[in-house]
Amino acid sequence: QGNVTDADKYKKEVELLTVERARRQSNEGGHLLRELLGHAVMDDLTRVKRTLDAIEPLSHRASGWKTVMLWAESEYQRIRGNASAALEKAEAALVSMHPAGHPVWAEAASVRVRLLVMLDRSTDAAEAGLEYLAEAERRDIGYERHYIRMPLALALARLGRTDEAKAQADTAIDEFEKLGTTGTNLGLAYETRARVAMTIGDK
């Protein structure tokens, strides 16, 4: 929702409860996935770095967290503006996970498409985005498929595929609204539609 103040408040409550119970939980660190996603979509470099630091020790204990670490490093480098390094990390993350079978697959796929657009590789971005979106739809992964749809819309717009670009952006808006989504996700969908309009010169 973009409410960092309340998010930090509840995070502290979780940390207190964890200390009080004084035993490792089987889902240790599970909250870090959603936390990192929230910080990444807001391009909050400082909080992404803090969450990255929390994930790093987990990545030494379990292979699944190594994959998460690669995705997290990709988001960190993207926000810093280092698109080439970010793309390398995103692609390594995708290679290490089964398509649509990992908790951050959609996010890793999304950031790869986004980075390809940033690197002016719109043809590659559109091809990858359409492939990832088809896989996401086939596996019915839910709202996270829109994280792929949004950068795909930008890639299509840059290629002059106007109707397809508008349709992808509008679908993200419509489906987020149907879900009752407010805050950051819906804001990102509207921002995507605006960027598509700017790219195609639609006043």
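## Helix 4 and its buried side

In helix 4, the buried residues are W65, T67, V68, M69, W71, A72, S74, E75, Y76, Q77, R78 and I79. Keep in mind from the start that this is a predicted model. Where do the buried residues of helix 4 pack? Their partners are helix 2, helix 3, helix 5 (83–95) and helix 6 (105–118).

As for its length, helix 4 covers residues 63–80, which makes 18 residues. From first C-alpha to last it reaches 26 Å, close to the 26 Å expected at 1.5 Å a residue. Just after helix 4 you'll meet G81, which takes a positive phi of about 95°.

## How helix 2 meets helix 3

Two packed helices are described by the angle between their axes and the distance between the axes. Let's use that on one of the partners of helix 4. Helix 2 (residues 30–41) and helix 3 (residues 45–59) have axes that come within 9 Å and cross at roughly 155°. Helix 2 and helix 3 are therefore roughly antiparallel to each other, and their crossing is left-handed.

Which residues make the contact? On the helix 2 side they are L32, E35, L36, H39 and A40, and on the helix 3 side R47, V48, T51, A54, I55 and L58. Sorted by class, the residues of this contact come out as seven nonpolar, two polar and two charged.

Between helix 2 and helix 3 there's a loop, and D43 lies in that loop. D43 has a positive phi of about 55° although it is not a glycine. Its relative accessibility is 38%, so D43 counts as partly exposed.

## K89, from helix 5 to helix 4

Next up is K89, which you'll find in helix 5. Is K89 buried, exposed or partly exposed? With a relative accessible area of 29%, K89 is partly exposed.

Setting aside neighbours within four places in sequence, K89 is in contact with L70, E73 and S74. Take E73 as an example: K89 and E73 are 16 residues apart in sequence, and their C-alpha atoms are 6.6 Å apart in space. S74, also on that contact list, is one of the buried residues of helix 4.

## R112 in helix 6

Now for a charged residue in helix 6: R112. Is R112 buried or exposed? R112 has a relative accessible area of 17% and is buried, because buried means under 20%.

What does R112 touch? Leaving out neighbours within four places in sequence, its contacts are L87, A90, E91, L94, A128 and Y132.

## From helix 6 into helix 7

The loop between helix 6 and helix 7 holds D120. D120 is another residue with a positive phi, about 60°, although it is not a glycine. D120 is exposed, with a relative accessible area of 63%.

A little further along, S122 sits in helix 7. S122 is buried, with a relative accessible area of 8%. Not counting residues up to four places away in sequence, S122 touches L116, A155, R158 and L159.

Further on in helix 7 (residues 122–139) comes E131. While S122 is buried, E131 is exposed, at a relative accessible area of 57%. How many residues apart in sequence are E131 and D174? They are 43 residues apart, and their C-alpha atoms are 22 Å apart in space.

## Helix 9 against helix 10

D174 takes us along the chain to one more helix pair. Helix 9 (residues 162–178) and helix 10 (residues 184–200) pack at an angle of about 165°, with axes 9 Å apart. Helix 9 and helix 10 are therefore roughly antiparallel to each other. Helix 9 passes helix 10 in a left-handed crossing; the crossing of helix 2 and helix 3 is left-handed too.

Which residues in helix 9 meet helix 10? They are T162, A165, K166, A169, D170, A172, I173, F176 and E177, and across from them in helix 10 are N185, L186, A189, Y190, T192, R193, V196 and I200. By class, this contact of helix 9 with helix 10 has 10 nonpolar, three polar and four charged residues.

Definitions and conventions: Residues are numbered from 1 along each chain as its sequence is written. This is a predicted model: local features need pLDDT of at least 70, side-chain atom pairs count only at pLDDT 80 or more; totals for chains, interfaces and linings use all residues. Side-chain values use heavy atoms; hydrogens and water are left out. Axes are lines fitted to C-alpha atoms, for helices over the stretch in contact, and angles run from 0 to 180 degrees between N-to-C directions. Helices (H or I, at least four residues) and strands (E, at least two) are DSSP runs, numbered from the N terminus. Angles under 35 degrees count as roughly parallel, over 145 as roughly antiparallel, 65 to 115 as roughly perpendicular and the rest as oblique. A crossing is left-handed if the near helix is turned anticlockwise from the far one by less than a right angle, and right-handed if clockwise. Contact means heavy atoms within 4.5 Å. Ala, Val, Leu, Ile, Met, Phe, Trp, Tyr, Cys and Pro count as nonpolar, Asp, Glu, Lys and Arg as charged, and the others, Gly among them, as polar. The expected span of a helix is 1.5 Å times one less than its number of residues. Buried means under 20% relative accessible area, exposed over 50%, partly exposed in between (1.4 Å probe, protein chains only).
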